[in-house]
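I opened the notebook to go through this model from its overall layout down to single residues. The entries follow the order in which I looked things up.

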Amino acid sequence: MLCGDTELDMKGRCSAGQRVLASLIIRLALADSFCINCGVLALDEPTTNLDSRNITSLAEALAALIEARRRTKRFQLIIITHDDAFVDILSACKVSDWYYHIQKNDKGCSKVQKREMRLLAG
């Protein structure tokens with residue numbers, strides 16, 4: 001871990017969020033390295049236990065991955081999240097024009113909406 005240009009000794013001092021972020025970064029790196037022709041990368045609630053700074057870092061890393069893979073026809077990123085702030089950050093990165101929003105209606109049935117990427121109010 002770095003603080004400015006100084007490397008910090010974090011042995012045994014990482015928070016749960018830092019461990020989650022490190023795990024996600026490792027998974028992204030492995031997917032990027034070993035799955036050159038990988039068609040799908042799926043992340044389920046990737047922001048759980050992350051603070052706002054790490055959520056932003058994750059969104060920026062995903063945006064960089066999306067940009068790098070944009071030329072690849074067979075790449076699909078699936079993110080399952082309840083974190084509207086994370087969607088806002090991804091939207092600000094301008095790597096996608098739309099996403100699917102899924103919620104249950106008053107009868108308990110799933111409703112799927114295609115929504116434009118934009119900053120959410122709130």
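**Entry 1. Cut-offs.** I wrote down the accessibility classes before anything else: buried means under 20% relative accessible area, exposed means over 50%, and partly exposed lies in between. I also noted that this is a predicted model.

**Entry 2. Loop between β3 and α2.** I went to N49, which lies in the loop between β3 and α2. Its relative accessibility is 52%, so N49 counts as exposed. I checked its backbone too. N49 is not a glycine, yet its phi is positive, at about 70 degrees. Most residues other than glycine have a negative phi.

E45 is in the loop between β3 and α2 as well. Here I found another positive phi in a residue other than glycine, near 50 degrees. E45 has 22% relative accessibility and therefore counts as partly exposed.

T47 was my next stop, again in the loop between β3 and α2. Is T47 buried or exposed? T47 counts as buried because its relative accessibility is 7%. I then listed what T47 touches, leaving aside neighbours within four places in sequence: I55, L58, T81, D83 and F86. With D83 there is a polar contact between side chains, at 2.9 Å.

**Entry 3. Helix α3.** D83 led me on to α3. A side-chain oxygen of D83 comes to within 3.1 Å of the backbone nitrogen of A85, at the start of α3. The helix spans residues 84-92. Which residues of α3 are buried? I noted F86, V87, D88, L90 and S91. In an α-helix, residues three or four places apart point the same way, because there are 3.6 residues a turn. I looked at the cover over these buried residues. It includes α2 (52-69), β4 (76-80) and β5 (98-104). Just after α3, K94 has a positive phi of about 55 degrees.

**Entry 4. Strands β3 and β4.** I followed the side chains along β3, residues 40-44. They alternate. L41 and L43 point to one face and are buried. V40, A42 and D44 point to the other face and are not buried. How do β3 and β4 pair? They are parallel, over 5 bridges. Opposite L41 I found L77 in β4.

**Entry 5. Strands β5 and β6.** I turned to the hairpin. β5 pairs with β6 (residues 110-116) in the antiparallel sense, over 7 bridges. Y100 stands opposite K114 in β6. Between the two strands of the hairpin there are 5 residues. G108 in this hairpin takes a positive phi, near 85 degrees.

**Entry 6. The largest pocket.** I searched for open space next. The largest pocket has a volume of about 1200 Å³. Which elements give two or more residues to its lining? They are α2, β4, α3 and β5. The lining holds 30 residues, and those nearest the centre of the pocket are L77, I79, W98, Y99 and Y100. I recognised L77 as the residue opposite L41, and Y100 as the residue opposite K114. I also sorted the lining by class: 16 nonpolar, 6 polar and 8 charged residues.

**Entry 7. Two spacings.** I picked A31 in helix α1, residues 16-34. At 14% relative accessibility, A31 counts as buried. I computed its C-alpha separation from L65: 10.0 Å, with their positions 34 residues apart along the chain.

T72 came next, in the loop between α2 and β4. T72 counts as partly exposed because its relative accessibility is 29%. The C-alpha atoms of T72 and G39 are 9.1 Å apart, for residues 33 apart along the chain.

**Entry 8. Whole chain.** I closed with the totals. The chain has 3 helices and 6 strands. What is their order from the N terminus? I read β-β-α-β-α-β-α-β-β. Of the 122 residues, 25% are buried. I also looked at contacts with a separation of 6 or more. Residues 24 or more positions apart account for 61% of them.

Notes
Residues numbered from 1 in each chain as written. Predicted model: local features only at pLDDT ≥ 70, side-chain atom pairs only at ≥ 80, totals over all residues. Heavy atoms only, no water. Buried < 20%, exposed > 50% of the residue type's maximum accessible area, 1.4 Å probe, protein only. Helix = DSSP H or I, 4+ residues; strand = E, 2+ residues; numbered from the N terminus. Contact = heavy atoms within 4.5 Å. Polar contact = N/O pair within 3.5 Å; in protein donor to acceptor, adjacent residues only side chain to side chain. Pairing = 2+ DSSP bridges. 1 Å grid on protein atoms, 1.4 Å probe; cavity = no way out; pocket = protein on both sides within 12 Å on 5 of 7 lines; lining within 4 Å. Points joined across faces, edges and corners; volume = space filled by probe spheres on them. Nonpolar A, V, L, I, M, F, W, Y, C, P; charged D, E, K, R; others polar.
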